[in-house]
Amino acid sequence: MEVILAKTAGFCFGVKRAVDMAYKEAEDRAGRVYTYGPIIHNEEVVRSLSESGVQVIEGKDQMKDLAPGSRLIIRSHGVSKEIFEEAKALGINVVDATCPFVSNIHKIVSEKSAEGDVIIIIGNPGHAEVEGTIGWINGDYYVVSNEEDIDSLPDMTERKITVVAQTTFSLKKFQELVAILQDKYYNVYVCKTICNATEERQKEAEELAKTVDAMIVIGGRNSSNTQKLYEICKQQCNNTYYIQTLVNLDLTAFESAFKFDGRVGITAGASTPNYIIKEVQNSMSEQTFEEMLEEQKPVSIRPGQVIDGKVVSVKEDELVVDIHYKSDGILKASEYSNEIVDLTTVVKEGDDIKVKVLKTNDGEGTVLLSHKRVALEKAYETVENAFKNGEILTGKVVGAKNGLIVNVSECRVFIPASLVDDTFVKDLDKYIGQDVEFYITEFDTTQKQKRIIGNRKKVVQERKAAKAAEFYANNRIGDVIVGKVKNITPFGVFIDLGGIDGLLHISEMSWGRVENPSKIFKVGDEVRCFIKDIDEENDKIALSRKFPDENPWLGVEEKYAIGTVVKGKVARMADFGAFVVLEPGIDALLHVSMISRDRIEKPSDVLKSGQEIEAKVVDLKVDEKKISLSMKALLPEEPKKEDEAEEVDEEAANAVDSEDIAESIPVDEALAAAVATEEAPAEETPAAEEAPAEEVTETEEAPAEDAE
């Protein structure tokens, strides 16, 4: 076969410069050497530098851990201005290996943004070079990689726009996007910042791909310029293959291209070392296809087989895994976990991963893999062992419907609502996203519908029992304790004492009267109280805030002695009187009869709640905690009125002797009385007949003048 190597394949000027600088720093053993991110996007080079003592750090957080005097190589892609400044502040020696073409872009965007221009970067969002460029912009900017990105840009017709490109971006695509931008906006200044070497490499690869039977593109999987080369070559030659090293070359995939003495083209990205290119070129030039095929016999794999692999590429929804087979395996996000996940947040290149083969040779020569099924089988084993041994498991709640759906690795466990807690839980949604502990009470995976039941209630009960036992062992009646308000009811509040609850009844909240606990406490408040009673048998703890030394009735005999004039506020009223607060915890009764000298039907006729009054203490019963007041006692004595004097004279007149009264009776009235007596019928006067003799004699002997 004829093997044709592109002249521009391999390291570009900027990459070669950066790698050479890194190896030179590695030769100097006076201190640790690091690179800020991989020096270039090629695993082989990074691995070689690591063996030479050059370590990779990722991000500012790791940079802060470097010792002063360490040497930090800035990779060819460049970094933000902030990184340079922070490294200097930390006393780190910076070795700037930024590609000169990239540094030129930093200068352009820094100056133009300072003049007020909007910067548009045509490139791949998230690429190291693009992120570094953003760090030199002092104003508004946007990153676009396709026409849809441009459509979503805001109206900037009144702004001046400066356009730059990622140095390794496709020239053809760059020109297309620039045309769209110039059509959409009026004042667009375009800086053609695509590297000349990249442009030449892309053109040469395109022309070479048109003339060969198969095309091989060599480079790191994260290399942007290598990916662009692959896309360009694939458009011109269907038998185009992307490899990192000779080991990745799957000869069987394009065997049909070698049934005759065909032509094979080779190109490589800017971050591909020459020795890797030569290895591929020499192997294909010096051996027959049959010899190469014999050396590269793949290991046999089958669906269901579990393999240890290594992640070689990470996207949000897909992993590429090296499984030591003729082709890499593809693992979709849906086969990584049952949960929706961005793979870039949980996996990184170089991670070891255990996978299960789902399908081989699906028409495109790819192998479909699953990670969650390996995890599921392992999870089943873990859950089953916990069931057999009565162990507590921990899982994350991922759903709630008639109970909790808990994920243990990839194994789903159902906890019925009745087994979630030792009390009724109305809102199960509050557990979603939380880690919970539970026992497995049922485990059956023999049926199609697997039945795995968990019990959290038992864990809660055991924890409470342990907390209660600890509490009872360490606390006694009278001990002062601090807890947090857990629940508020009209009759009191429940206090969490550290895993066990105590009740602070409304009557024990204060020496004064409490109408509504919710006006004094809120959930989460810390409360200092003392243990009033412990009922260990019924698991009840009574609390109180009525500390004896704070009892307001202490010394009340002197403070509110009978005859003392006091002031207080009317708190509440009844028909028989008003209750007056003299101080918190001390109420006194003002009876309705003690309010005024005038007659009052009920206190509310003359008093109002909250009204401040002055009264005299007229009774004190300390043992019964009763104080009686009188407002009337403070009223001055009233003078006697004239009508009261006449009443006194009349009473005196009524006290005259009976003889005086008899003498005052008129004569005509006496005669009328006598006549009436004589004419009365016999049956109506029996009493007169039976009258004593002396009374009759007295009548007969009445003087003649009286009879007349």
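The closed barrel comes first. In this predicted model, five strands form a closed barrel in the order S28-S29-S30-S32-S31, and their pairing is mixed. On average, neighbouring strands of this sheet are turned by 50° against each other, with direction ignored. As background, strands of a sheet pair through backbone hydrogen bonds, in either the parallel or the antiparallel sense.

One pairing in the barrel can be followed at the level of residues. Strand S31 covers residues 612-621 and strand S32 covers residues 626-630; the two are antiparallel and share five bridges. Where in S32 does lysine 616 find its bridge partner? The partner is serine 630.

I turn now to a second sheet, which is open. Four strands make up this sheet, in the order S3-S2-S4-S5, and the pairing is parallel. The edges are taken by strand S3, residues 54-57, and strand S5, residues 93-96; each has a single partner strand, so one side of each has no neighbour in the sheet. Here the average turn between neighbouring strands is 30°, again with direction ignored.

Within this open sheet, strand S2, residues 33-36, runs parallel to S3 and is joined to S3 by four bridges. Tyrosine 36 has isoleucine 57 of S3 as its bridge partner.

Which helix lies across these strands? Helix H1 lies across S2, S3, S5 and strand S4, the last being residues 71-74, and H1 runs at about 145° to S5.

Let me stay with H1, which spans residues 13-27. Lysine 16 and aspartate 20 are both in this helix, four residues apart, or about one turn. These two residues form a salt bridge, in which the closest N and O atoms are 3.0 Å apart. In general terms, side chains of opposite charge can pair when their charged atoms come close. Over the whole structure, a search finds 29 salt bridges.

H1 also packs with a second helix. The axes of H1 and helix H2, residues 43-51, come within 10 Å and cross at roughly 15°. Since angles under 35 degrees count as roughly parallel, H1 and H2 are therefore roughly parallel to each other. The crossing of H1 past H2 is left-handed. On the H1 side, Val19, Ala22 and Tyr23 take part, and they meet Val45, Ser48 and Leu49 of H2. By class, the residues of this contact divide into five nonpolar, one polar and no charged.

The final item is another helix pair, H9 and H10. Helix H9 is formed by residues 196-211 and helix H10 by residues 224-236; their axes come within 8 Å and cross at roughly 30°. How are H9 and H10 placed, parallel or perpendicular? By the cut-off of 35 degrees, H9 and H10 are therefore roughly parallel to each other. H9 passes H10 in a right-handed crossing, whereas the crossing of H1 with H2 is left-handed.

The contact involves Arg201, Gln202, Ala205, Glu206, Ala209 and Lys210 from H9, together with Lys228, Leu229, Ile232, Cys233 and Gln236 from H10. How many residues of the contact of H9 with H10 are charged? The division is five nonpolar, two polar and four charged. For the contact of H1 with H2, by contrast, no charged residues are counted.

Conventions: Residues are numbered from 1 along each chain as its sequence is written. This is a predicted model: local features need pLDDT of at least 70, side-chain atom pairs count only at pLDDT 80 or more; totals for chains, interfaces and linings use all residues. Side-chain values use heavy atoms; hydrogens and water are left out. Two strands pair if DSSP finds at least two bridges between them. Axes are lines fitted to C-alpha atoms, for helices over the stretch in contact, and angles run from 0 to 180 degrees between N-to-C directions. Angles under 35 degrees count as roughly parallel, over 145 as roughly antiparallel, 65 to 115 as roughly perpendicular and the rest as oblique. A crossing is left-handed if the near helix is turned anticlockwise from the far one by less than a right angle, and right-handed if clockwise. Contact means heavy atoms within 4.5 Å. Ala, Val, Leu, Ile, Met, Phe, Trp, Tyr, Cys and Pro count as nonpolar, Asp, Glu, Lys and Arg as charged, and the others, Gly among them, as polar. A salt bridge is a side-chain nitrogen of Lys or Arg within 4 Å of a carboxyl oxygen of Asp or Glu.
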